[in-house]
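Here are my notes on the two-chain model, set out point by point. Please read them with the coordinates open.

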Amino acid sequence: MALLERTFFSLTSKLNFKGMRHILIPDTPTIVIPVRGAKQKYHPDSFIGFRVEPRENHNRQYVSHPLIYKDADPAPRFMDARVRAILKDLTGCDHSKVFRHRALLSISAPEIVFFTDEQLKIAQNDAKIKADKLLSMPPVVKVRAEEVQDISFDPALQGIMPNFKIVFTDISLGIPDNKRIIVVRENSGKLRHANGAERQRMNEIYNPRKGRKHYVSELFTAKCLPDVLARGQYEFVLDRACLQFEPDEPEYQSVVAYVYEALDKKQHYDSLLSTRHYGPMLFFLVWHKCLNNFLEHHLMAGRLDVASQVVKLYCLLHQKSDVAKAMTDFRDPMHVVQTFVSLECMDTSARVQLALKQCKELLRSQQQVEQNVAAALGQSS
Amino acid sequence: VPVADSCIVNLLKGGTFSLRVVRNLRFYLHQNVFNYSVFPVPAQKLWKGVISVSKHGAQKGRGRGAGRKLAKDLNRGQVIGVGAVNMVWPGLNAPIIRGQEVVQQQMLGPDPDRHRKLLEIRDKMGRVRFRKVNPLERGWTGTKMGGKKIGPPDPVGNDTFEGFESVVLEYKVVSHMRGDGGKFRRVSVLSVTGDGMGLAGFALARAPAPNTALSMSKNRAGQRLIKIPLYNNHTILHDFHSQSGITEVFVRKMPEGHGLVCHRALKAACEIIGIKDLHVYIKGPKNVREVVKAFFLGLMKQKSYQQLAEEKGLHVVELRKEQFNYPKVLASPVHAPLRTLSDIPPNENLDFSTVTTSCLLPIELKYINDKLYRIQYVMGDRVMLKPVEEPSSILPLLPKKGRQPEGRETFLRKYKERRNFRRVSELTNE
């Protein structure tokens with residue numbers, strides 16, 4: 001065993017890590033001996049072994065959904081300033097919802113103060129900055145790549161630790177999880193970077209986040225998730241997903257897509273208004289061209305401004321599409337929506353066309369009312 | 001009464017009765033006399049022999065409270081006209097004419113249970129027993145009236161007092177010596193009445209009978225209602241101090257879920273008023289009447305936020321920690337001009353809890369036992385000490401008060417594993 005450890009040291013010193021830890025990923029529980037940093041001397045009698053159990057599974061699986069960002073990378077489009085401006089505008093900022101009391105926060109005695117006008121304005125500005133922070137959207141990125149880079153091949157190390165892989169993790173302070181160096185020495189002698197699942201497991205062990213479960217939570221399974229969404233708790237599920245996963249994980253994107261689809265079917269878009277999830281939800285619908293329900297919902301309510309913004313977003317995300325090319329006047333909302341409906345919705349959805357008609361009627365009647373009121377006032381004055 | 005029964009039996013046999021027997025019958029029925037044939041002894045005297053307490057015993061106070069023997073009234077459970085012989089007597093226990101028919105005298109079958117029921121009733125009698133109170137209707141104590149609810153005040157004309165409830169705060173049996181000799185015993189009741197939405201009143205009443213005193217008290221309270229302004233229907237508008245006699249009451253506004261942490265009389269009163277969260281400290285004698293008076297006085301004197309905004313010429317703003325300190329404007333001055341920072345003199349007290357008690361003295365800082373305190377001058381020059389919070393340091397997890405302060409380097413090294421990695425590594429230059 002001592003020879004083995006010394007061999008590892010020589011390898012680690014080559015790679016120049018500070019504070020390494022060896023950990024095995026077994027299929028069955030096993031005793032593991034960690035070794036502290038290459039700088040420290042170790043004594044053979046001072047071993048502290050710890051067990052690494054296989055992951056608790058309960059035979060549960062996360063929901064799966066086909067619409068994840070795996071082909072084209074949405075990140076550059078999502079980071080586009082114009083796209084973000086539209087998403088922020090449509091999300092809105094209802095202070096009573098953004099600053100509402102969250103259930104888990106304990107209530108303390110309210111502080112009542114006297115403010116001058118200037119002090120009040122400063123406080124309100126601070127509130128705006130806080131609101132922006134609270135409404136900062138979880139990033140929309142491409143699913144992480146499955147392929148991993150090989151580093152080296154050492155046939156001399158073949159078969160030294162049969163049945164196990166050996167994972168080296170850099171646990172130095174001050175390194176974010178996504179930049180941490182995690183490499184795997186396989187039984188064949190190959191040294192490669194750790195894949196996504198291995199990275200996730202190692203980070204979970206050495207840097208556990210509060211609220212993150214190390215097992216598959218029942219909430220995200222096909223058994224439980226539909227019930228929760230049927231109750232309209234979309235924001236809760238999305239918040240939990242943001243807590244549990246990283247944005248580039250395929251599981252996260254599946255769960256989130258599942259939620260968006262359920263929301264879209266029931267047209268409960270307003271439940272995410274003034275939350276940080278509205279932007280990514282809208283981005284998802286526009287990217288995957290599932291706008292029929294959205295447009296129908298908003299046009300029936302006469303919200304032409306929202307519909308036109310969404311169509312503009314469509315043009316930004318699908319710059320080579322027919323709609324983007326046919327669009328001439330971006331300032332006229334009716335023209336914008338009309339172009340989209342005539343090009344995209346003619347074959348797919350009769351309801352959207354009907355909704356557009358309804359919207360036109362609504363606007364016309366509103367105009368009429370305004371004219372009548374103006375005329376009446378004009379006459380009286 | 002064996003004499004009366006024997007007369008009836010005579011009548012049935014078709015016999016007559018003489019006037020003298022009738023006279024005796026009436027006399028005997030009236031007097032409840034057991035005819036020994038030599039000594040007719042009235043019931044009162046017989047019972048006195050069983051119940052009475054000796055002169056010496058009476059001096060010691062025997063036979064006064066619960067458990068003392070009582071005379072059994074043998075008339076209870078019996079009605080004139082009904083006896084051991086179960087018979088229909090038209091004119092006595094039945095009408096003479098029922099519909100078209102004339103009712104006849106009729107012998108009904110014997111009632112086997114009558115005697116047993118009489119005995120049951122008589123077995124229960126004989127001792128003073130307090131009435132059992134349902135646990136849900138109990139006051140502060142099992143059999144006493146303090147804290148017990150007594151229903152809404154009686155309706156007066158069109159006022160029906162719907163939604164009102166009254167509670168007894170004090171139930172005392174008091175007495176004074178009458179001029180013509182002897183003690184005059186009365187019941188004194190202090191009660192509070194209210195609708196749970198801010199309307200409430202309290203009153204004291206004294207009467208010889210307990211029920212009379214209770215109803216008098218709640219009705220009088222119903223005639224003395226005041227409207228108490230509440231904050232979100234669960235607490236008062238602001239902290240205040242109030243006084244009645246030498247009883248002082250320091251009342252603090254509390255957030256939702258805190259509950260009523262106060263004297264039990266004030267707790268009962270708050271439930272009636274509609275206050276759900278409060279903290280009260282009473283300084284001085286805790287006489288219930290004075291405490292309630294002081295409390296109500298303070299509640300009446302509360303200033304609305306609009307009033308305070310006008311007085312100060314500033315916005316009254318609420319900041320809640322769990323709502324990320326979002327500035328919620330409760331009131332803005334409408335008539336008074338809005339002041340700027342330059343208009344406010346440096347000495348002016350802008351501390352809300354002290355300003356609400358209209359005391360505009362400057363805030364002083366004072367060290368007491370090496371701790372920094374801020375002295376708040378609350379209404380009428382009474383001093384309340386409030387500790388000043390330490391300015392928050394860069395690293396939030398500093399050792400708590402009781403422990404020795406560690407060297408910074410050792411501390412950082414010790415807490416490295418549990419702390420913000422980036423920050424710590426920067427500071428220790430790793």
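1. Start with a side chain on the outside of chain A. A:Lys265 is exposed, at a relative accessible area of 62%. The model is predicted, so this and every value below is computed from predicted coordinates. A:Lys265 makes a salt bridge with A:Glu261, with 3.4 Å between the closest N and O atoms. A:Glu261 counts as partly exposed, at 34% relative accessibility. Both sit in helix 9 of chain A, 4 residues apart, so about one helical turn separates them. The general rule applies here: an α-helix has 3.6 residues a turn, so residues three or four places apart point the same way.

2. A salt-bridge network deserves a look as well. A:Lys165, A:Glu186, A:Arg192 and A:Glu198 are joined into one network by salt bridges that share partners. Over all chains the count comes to 26 salt bridges.

3. Which parts of chain A does the pair A:Arg276 and A:Asp239 tie together? The two side chains meet in a salt bridge at 3.0 Å, N to O. A:Arg276 lies in the loop between helix 9 (250–266) and helix 10 (278–287), while A:Asp239 lies in helix 8 (residues 234–244), so the pair links parts 37 residues apart in sequence. A:Arg276 is partly exposed, with a relative accessible area of 27%. A:Asp239 is partly exposed too, at 29%.

4. A further pair is A:Arg77 and A:Asp80. Their salt bridge has its closest N and O atoms 3.4 Å apart. Is each partner buried or partly exposed? A:Arg77 is partly exposed, at 23% relative accessible area. A:Asp80 counts as buried at 17%, because the cut-off for buried is under 20%.

5. Now chain A overall. The chain has 15 helices and 8 strands. Of its 381 residues, 41% count as buried. Among contacts with a separation of 6 or more, 68% are between residues 24 or more positions apart. About 21100 Å² of chain A is exposed, and carbon and sulfur atoms supply 53% of that area.

6. Two helices of chain A are worth checking. Helix 11 (residues 292–300) has A:Asn293, A:Phe294, A:Leu295, A:Glu296, A:His298 and A:Leu299 buried. Just after helix 11, A:Gly302 takes a positive phi of about 80°. Helix 15 (residues 350–380) contains A:Val369. Together with A:Val373 and A:Leu377, A:Val369 makes a nonpolar surface patch of about 270 Å².

7. The interface comes next. In all, 31 residues of chain A contact 37 residues of chain B. The two chains bury about 3100 Å² between them, 69% of it on carbon and sulfur atoms. A:Ile112, A:Phe114 and A:Leu173 supply 28% of the area that chain A buries against chain B, more than any other three residues. How many salt bridges does the rule find across this interface? The count is 0.

8. Strand pairing also crosses between the chains. Strand 4 of chain A (residues 111–115) runs antiparallel to strand 13 of chain B (residues 315–319), and 5 bridges join them. A:Phe115 has B:His315 as its bridge partner. Of the 5 residues of strand 4, 4 are buried, so the strand is largely enclosed by the rest of the structure.

9. Chain B has 12 helices and 17 strands. Of its 430 residues, 32% count as buried. Residues 24 or more positions apart make 47% of its contacts with a separation of 6 or more. Chain B exposes about 28300 Å², with 54% supplied by carbon and sulfur atoms.

10. One sheet in chain B is open and mixed, with 4 strands in the order 9-10-12-11. Strand 9 (240–244) and strand 11 (260–261) are at the edges with a single partner strand each, so one side of each lacks a neighbour in the sheet. Strand 9 pairs antiparallel with strand 10 (residues 247–253) over 5 bridges. B:Ser244 stands opposite B:Thr247 in strand 10.

11. Last, B:Val173 in strand 5 (residues 165–177) of chain B. B:Val173 is partly exposed, at 49% relative accessible area. Beyond neighbours within four places in sequence, B:Val173 contacts B:Arg185, B:Arg186 and B:Val187. The C-alpha atoms of B:Val173 and B:Arg186 are 5.8 Å apart, with the two positions 13 residues apart along the chain.

How values were computed:
Residues numbered from 1 in each chain as written. Chains lettered and ligands numbered in written order. Predicted model: local features only at pLDDT ≥ 70, side-chain atom pairs only at ≥ 80, totals over all residues. Heavy atoms only, no water. Helix = DSSP H or I, 4+ residues; strand = E, 2+ residues; numbered from the N terminus. Buried < 20%, exposed > 50% of the residue type's maximum accessible area, 1.4 Å probe, protein only. Contact = heavy atoms within 4.5 Å. Areas by Shrake-Rupley, 256 points an atom, 1.4 Å probe, with all protein chains shown as cover. Pairing = 2+ DSSP bridges. Patch = residues over 30% accessible without salt bridge, like charges linked within 9 Å, V, L, I, M, F, W, Y side chains within 5 Å. Salt bridge = Lys/Arg side-chain N within 4 Å of Asp/Glu carboxyl O. Buried area = accessible area lost by both parts, 1.4 Å probe.
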